[in-house]
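Got your viewer open and the cartoon view switched on? Let's take a walk through this model, one selection at a time.

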Amino acid sequence: MNIAEAPAQPQITRLDDYRAPDYLIDTVSLEFELDASETRVSSKLKMRRNPEGQGGPCILNGEYLTLVSIALDGKTLAGNEYQRTTDTLLLPQVPASFELEVVTLIHPDQNTALEGLYHSGAILCTQCEAEGFRRITYYPDRPDVMAVFTVTLIADAKKWPMLLANGNRQASGEMEDGRHWVRWHDPHPKPSYLFALVAGDLYCQQDQFTTMSGRQVLLEIYVDPENHNKCDHALNSLKQAMRWDEDVYGREYDLDVFMIVAVNDFNMGAMENKGLNIFNAACVLASPETATDADFYTIQSIVGHEYFHNWSGNRVTCRDWFQLSLKEGFTVLRDQQFSADMNSAAVQRIDDVDQLRSMQFAEDAGPMAHPVRPDSYIEISNFYTVTIYEKGAEVVGMLKTLTGPEGFRKGTDLYFSRHDGQAVTTDDFVKAIEDANQLDLTQFKRWYSQAGTPVLIVEAHYDADKQVLELTLRQSCPATPGQPEKQPFVIPVAMGLLSSSGASLPLQLDTETSAVDAETRVLTLTEQSQTFRFIHLTEEPVVSVLRGFSAPVKVKFERDNETLAFLMAHDRDSFNRWDAGQQLLIQIMLRMVEQYQSDKTLDLPEILLDRLQHVLDDPSIDPALVARMLSLPSENYLAAQMTIADVDAIHAVRKYVKQQIAQRLKAGFNTRYQALNQAQVYEFNASQMAQRSLKNVCLGYLMATGDPMQTQRCLKQMKQADNMTDLLAGLRLMVDQPGPEREHALRAFYEQWQHDRQVVDKWLTVQAVSDLPDALFRVKALLKHPAFSMKNPNNVRALIGQFCRNNPVHFHAKDGSGYRFLAEQILLLDKLNPQVAARQLGAFNSWRRYDAERQALMKKSLSDIAGAQDLSADVYEIVNKYLA
Ligand code: ARG
Ligand code: ZN
């Protein structure tokens, strides 16, 4: 047995190097003798040579494992009969089929990376995606090796009364030494990344679901006993998701039990392990007193997301990790559709696009830009990105637009039936959509292979004599790392034409004999430039393009304030009404930034105030839409629209605009606030959420007037609030105001909620994103607060992450203090949890888009990180791509 040196530099993995596995596994039997300090893992693998492999030796992955013994077909191997490196085990001589028995020891207590088996509070649990299983035992830890698992868990019966793993419970028993055991069997072959186990002393809430074919499924949610009253919402969401996937995609659940477990320490949101989803507690626990509407909403969508993976991810899985978006992009689309159906479709679309533009567009324009199907990576954990997830969802959404709902369903039916039980590629997915619809999607597939956000340039010319509108659509896509040139994309452009009174005009192209029978039609742009001629237009139409955000592109379409204001009032598409408002705000605010920079008076055009006044006073618009139309674009998003981002100017302008709107519309905000501020029993539904969101937007503007009366009103709302939405909205506003009331509000909030982790995280965030000059000082002090632990990813994200991403004026302080702070924290974190450390680097993503001094300071901080000893592969990859 020999352990070679670890490679000096992290290695690159490439899609082009993909080879089928040399050995396959039919069945796996695992036995865990569980204990927090040392767990003994005995594995029995029935392996055989893959006829489609390359005939190479049998190599298994394994990291941080203490090897106890290896036996081949019952015979223990001597040290010279196998070779070990820090991360592999190689068996030079094996028969065509054999049984391999390996015993290893692992140490959950010492596992702060939260990959593999780890200890969280009083729970032992696993996280194996993407490559965590190799920290549990030696195994070909790749998704195209699928096997049937039988798992026996043995543990102290008092300490760990609940022992859970994937599949169905098969047998259990007591042992004489005070331990007990439970055996689980999962009949569905699965890759190692979907393996899970949980041990703990947990409260379990149960329910039932009858599937479409009449099978009874037991539903169970396991949580720390103190959270027993926070399970209802997740359980309801689960039942909604199960029914919805049957109705909309024809997908039925396939085991006797479906379990969800909440853990406090978790790197991501949640994980779709077969039959045993493990969730970040923040993404599952909710009660009206402790969770906001946004939390309830997110929980519903994540419970849906993980459940939907049972088909899009588990029954049909990924061949390799370059195909990650095969399951994630599609499953995000599915959870977005689900949320839209359960709540408001228009609001869902607005919020999804808002997130895509602010996060994914920035990623696509920065040094980590990568295609939806990347072609290389150093550390796969770094590729669980908004591009893989959110842009991936947009790409599948465009396939749906191009095939229509029925054609798309035919395509997904074919995909699921053709590939059930297989590990496949994004090409296989597209092929199924093509075959079911007799389509050629060759060019469309560029969305998977080319990175960068395409720019759609729109020009419209109306010829009154001919009654013709010429609409020219052009596309281009900026260079991204490794991709200097791009080929044209297939861009579906949903559009419509409006008369001056706001009526829909007929949509007839010069090549057609009649107008389409719809107010929106989809033009498909496939060339670099195409002109569409609309005929029989007796007046000059107002053009509405990219309705519903039909493609993930940036639109360049010169329109004056009046046209945008008109669309904001009259577009037939709610998404575009909101979007026209945002474009109007951006156009106006960017001009004001220039005025600010050259010391000119800030000019806020009357037309904007007038439009916002109408929106606020219009009772026919869904209050949730009103709330969003009245919300200003974020400082980060405004910064992304500038060649050189000027954080201070943006901050000042945004504040000024907010105050001006507040002053001018004060009466309207007052009226609506009062009308919406009715006592009612909290319910999670679209209508109540809409009311609360508009009410709190109104309160925000009223507070911006600076009127002390409004502070009293805010304090009153906090005092009377019976739900976290109204309480937290009040606290946020109080914290941006200096003075004794602010400190008092923060102290009182903490005293009331210090026992609740989810609420304490909100308390940390409120302070991290505060506008006041002492924000960084406070954040540093909070690092030492008993409520904060660097080992807890939710704490890190709530405090450090929120400060660096959502407090731009302070993070980008001219003296570089924010940058130095982040660099120090990243280096500390990297020793504990590389995944979380690497995530925090994202705050430096756009570093080249700031002024020279700030660039120099950020570069210095990045270089300090890059130069540190023993960086993880995670941080190494990102910091070096940023500096490249
Ligand atoms: N598959 C999970 C989800 O989308 C994400 C888990 C990724 N975990 C990780 N450590 N990279 O829901
Ligand atoms: Zn997912």
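## First stop: Thr 531

Select Thr 531 and look at who sits beside it: leaving out residues up to four places away in sequence, Thr 531 touches Glu 470, Leu 471 and Thr 472. Before going on, keep in mind that this is a predicted model. Thr 531 itself is part of strand β29.

Is Thr 531 buried or exposed? Exposed: there are 12 other C-beta atoms within 10 Å of Thr 531, and a residue counts as exposed if that number is 12 or fewer.

Now add Val 875 to your selection and draw a distance line between the two C-alpha atoms. Thr 531 and Val 875 are 47 Å apart in space, with their positions 344 residues apart in sequence.

## Just along the chain: His 536

From Thr 531, follow the chain to His 536, which lies in the loop between β29 (529–534) and β30 (542–545). Check the backbone angles here. His 536 isn't a glycine, yet its phi is positive, at about 60°. Why look twice at that? Because most residues other than glycine have a negative phi.

How exposed is His 536? It counts as partly exposed, with 14 C-beta neighbours inside 10 Å.

## A second positive phi: Asp 73

Jump to Asp 73, in the loop between β5 (66–72) and β6 (75–76). Asp 73 is another non-glycine residue with a positive phi, this one of about 45°. Asp 73 is exposed, with 11 other C-beta atoms within 10 Å.

## A cis peptide bond

Next, select Glu 129 and Ala 130 together and zoom in on the bond that joins them. The peptide bond from Glu 129 to Ala 130 is cis, and its omega is near 0°. For context, most peptide bonds are trans. To place this spot, look for the loop between β11 (123–127) and β12 (147–156), where Ala 130 lies.

## Around the ligand

Keep Glu 129 selected and show ligand 1. Which residues are closest to ligand 1? They are Glu 129, Asn 267, Met 268, Ser 381 and Tyr 384, out of 15 residues that surround ligand 1. So the Glu 129 you just met at the cis bond turns up again here.

Two elements, β20 (270–271) and α2, each give two or more residues to this shell. Try colouring the shell by residue class: you should get five nonpolar, six polar and four charged residues. Then colour by domain instead. Domain 1 (13–309) and domain 2 (322–556) each supply at least three residues to the shell around ligand 1.

## Where two domains touch

Time to zoom out. The domain assignment splits the protein into domain 1 (13–309), domain 2 (322–556) and domain 3 (557–664), so give each a colour. The centres of domain 1 and domain 2, taken over C-alpha atoms, are 36 Å apart.

How many residues of domain 1 are in contact with domain 2? There are 23, and they meet 21 residues of domain 2. On the domain 1 side, the elements giving two or more residues are β1 (13–14), α1 (232–249) and α2 (293–308). That side has 12 nonpolar, eight polar and three charged residues.

## Spans from the UniProt record

Now select three stretches in turn. Their names come from an unreviewed UniProt entry.

- **Residues 30–194:** UniProt lists them as "Aminopeptidase N-like N-terminal". This span is 0% helix and 53% strand, and its end C-alpha atoms lie 14 Å apart.
- **Residues 234–447:** the UniProt name is "Peptidase M1 membrane alanine aminopeptidase". Here you'll see 56% helix and 9% strand, with the end C-alpha atoms 34 Å apart.
- **Residues 562–883:** UniProt calls these "Peptidase M1 alanyl aminopeptidase C-terminal". The chain is 72% helix and 0% strand over this span, and its end C-alpha atoms are 43 Å apart.

## Last stop: the whole thing

Clear your selections and fit everything on screen. The protein has 26 helices and 31 strands. Its C-alpha atoms fill a box of roughly 90 × 70 × 60 Å along the principal axes.

What radius of gyration does the protein have? The value is 28 Å, which agrees with the figure near 29 Å for a compact globule of 884 residues. Of those 884 residues, 48% count as buried. Finally, take the contacts between residues at least 6 apart in sequence: 71% of them join residues at least 24 apart.

How values were computed: Residues are numbered from 1 along each chain as its sequence is written. Chains are lettered from A and ligands numbered from 1 in the order in which they are written. This is a predicted model: local features need pLDDT of at least 70, side-chain atom pairs count only at pLDDT 80 or more; totals for chains, interfaces and linings use all residues. Domain bounds come from an automatic or database domain assignment. Two residues are in contact if their C-beta atoms, placed from the backbone, lie within 7 Å. Helices (H or I, at least four residues) and strands (E, at least two) are DSSP runs, numbered from the N terminus. Ala, Val, Leu, Ile, Met, Phe, Trp, Tyr, Cys and Pro count as nonpolar, Asp, Glu, Lys and Arg as charged, and the others, Gly among them, as polar. UniProt positions are given in the numbering used here, feature names are shortened, and annotations may be inferred rather than shown by experiment. A residue is near a molecule or strand if its C-beta atom, placed from the backbone, lies within 6 Å of it. The radius of gyration is taken over C-alpha atoms; the globule rule is 2.2 Å times the number of residues to the power 0.38. A residue is buried if 20 or more other C-beta atoms lie within 10 Å of its own, exposed if 12 or fewer, and partly exposed in between; C-beta atoms are placed from the backbone.
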